[in-house]
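Biologist: I would like to learn how to read ring pairs and pockets in a protein model, and I would be glad if we could take one feature at a time.

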Amino acid sequence: MKNMVLGKMKRITDLRTVWPHEANDFTKWLAEEANLEELGNAVGIDIDYEERESSVGSFSVDLFATESGTGRKIIIENQLEDTNHDHLGKLITYASGKGAEVVIWIVKRARDEHRQAIEWLNQHTDSNLGFFLVEIELWQIEDSLPAPKFNVVERPNDWAKTMKNINGLSDTERLELEFWQTFNDQAAATPVFMKEFRLRKPQTQNWYDLSLGTSVYHISLNLNTQKKKIDAGIYIPSDKDVFRLFQEHKAEFDAICGGGVELRNASKASRILTYKSIDVKDRAKWDEAIGWLMEMSLKFKQVAKNIQ
């Protein structure tokens, strides 16, 4: 048996050999859809580009974006050097000026004092605001093209944050929050589901959205504790052409979901959904409910993908 020949990985320590200028090169590169997707994969958020060098008073933030499906505002500040106090101050200023709910600081190297500062901010802000500290690396094998790698060194602990405020919740809000947290836990342990979807932060609400890679429509999961049922389907905020296209393929949705698919066309938003009778107030039913919601999400995505 011949010895296998493998390449040797090496790290490019000077990021400016690839991106000479922070704003003109790195930020411009990051704004491209494929590169924002890679960053989104690292932090666990679907990022939709909005604006580069976005104005904040007399200053400007490197990138302004939103989260697909939720519309949460995201600011991204880049630094091709080690972290410093100046950029930390800018980060807070920009977050305030943009009303950001997600703050991402990309750096060459995170110094310990700034890692601690981001950790402290995550511990002392509420569940509506989260800070990510991300190191950007460049690697290549032999003489291959340089490959970027995002390493998240600090991230918000959303569950811990939410638990700080749980005493002020109503019984229904508490149930919804705990149900979606359990949904996330079980989904995260289901490889076939995680291959297709990125999880959202659990909220005190009866609905939960999953991105389908477009702002035109998404998967919507809902709990109805009063009527003792749950539903799953595709939510279309405004595009009637897409609704009509899906409407033409209702038989395909029925076939894969086992029938019972409904079409609901309101003046603005539209839905294609199916529902299951189940009382989520009964925690013994949660495994069944979560299993069904994940199954329907996968099936609706499969049909939508085939149609589009």
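Modeller: This is a predicted model, and we can begin inside one helix. Phe26 and Trp29 are 3 residues apart in helix α1, which means that about one helical turn separates them.

Biologist: How are the rings of Phe26 and Trp29 placed, and what is such a pair called?

Modeller: One looks at the distance between ring centres and at the angle between the planes, where planes under 30 degrees apart count as stacked and over 60 as edge-to-face. For Phe26 and Trp29 the centres lie 5.6 Å apart and the planes meet at 35°, so the pair is tilted.

Biologist: Are Phe26 and Trp29 buried or exposed?

Modeller: Both Phe26 and Trp29 are buried. Trp29 has a relative accessible area of 18%, and because buried means under 20%, Trp29 falls on the buried side of the cut-off.

Biologist: Which pair links distant parts of the chain?

Modeller: Trp19 and Trp29 do so, since Trp19 belongs to the loop between β1 (9-11) and α1 (22-30) while Trp29 is in helix α1, 10 residues apart. Their rings are 5.0 Å apart, centre to centre, with 50° between the planes, and this pair too is described as tilted. Trp19 counts as buried, at 4% relative accessibility.

Biologist: How many aromatic pairs does a search of the whole structure find?

Modeller: The search finds 14 aromatic pairs. Ring pairs can also join into a cluster, as they do for Phe179, Trp180, Phe183, Phe193, Phe197, Tyr208 and Trp286. Phe197 has a further partner, for the charged end of Lys301 sits over the ring of Phe197, 5.1 Å from its centre.

Biologist: Now to the empty space: how should I read a pocket?

Modeller: Rolling a probe the size of a water molecule over the atoms shows where empty space is left. Here the largest pocket holds about 550 Å³ of space and is lined by 24 residues, with Glu37, Asp46, Arg198, Ser211 and Gly213 nearest its centre. Helix α2 gives the largest share of this lining, 5 residues, and by class the lining divides into 8 nonpolar, 7 polar and 9 charged residues.

Biologist: Which residues lie nearest the centre of the second largest pocket?

Modeller: They are Gly44, Asp158, Leu199, Arg200 and Lys201, from a lining of 24 residues. This second largest pocket has about 450 Å³ of space, and α6 gives the most to its lining, with 4 residues. The lining has 10 nonpolar, 6 polar and 8 charged residues.

Conventions: Residues are numbered from 1 along each chain as its sequence is written. This is a predicted model: local features need pLDDT of at least 70, side-chain atom pairs count only at pLDDT 80 or more; totals for chains, interfaces and linings use all residues. Side-chain values use heavy atoms; hydrogens and water are left out. Rings of Phe, Tyr and Trp (its six-membered ring) pair if their centres lie within 6.5 Å; planes under 30 degrees apart count as stacked, over 60 as edge-to-face and the rest as tilted. Helices (H or I, at least four residues) and strands (E, at least two) are DSSP runs, numbered from the N terminus. Buried means under 20% relative accessible area, exposed over 50%, partly exposed in between (1.4 Å probe, protein chains only). A charge sits over a ring if NZ of Lys or CZ of Arg is within 6 Å of the ring centre and within 35 degrees of the ring normal. On a 1 Å grid over the protein atoms alone, a cavity is a set of points where a 1.4 Å probe fits but cannot get out, and a pocket is an open set with protein on both sides within 12 Å along at least five of seven lines; lining residues have an atom within 4 Å of a point. Grid points are joined across faces, edges and corners, and a volume is the space filled by probe spheres set on the points. Ala, Val, Leu, Ile, Met, Phe, Trp, Tyr, Cys and Pro count as nonpolar, Asp, Glu, Lys and Arg as charged, and the others, Gly among them, as polar.
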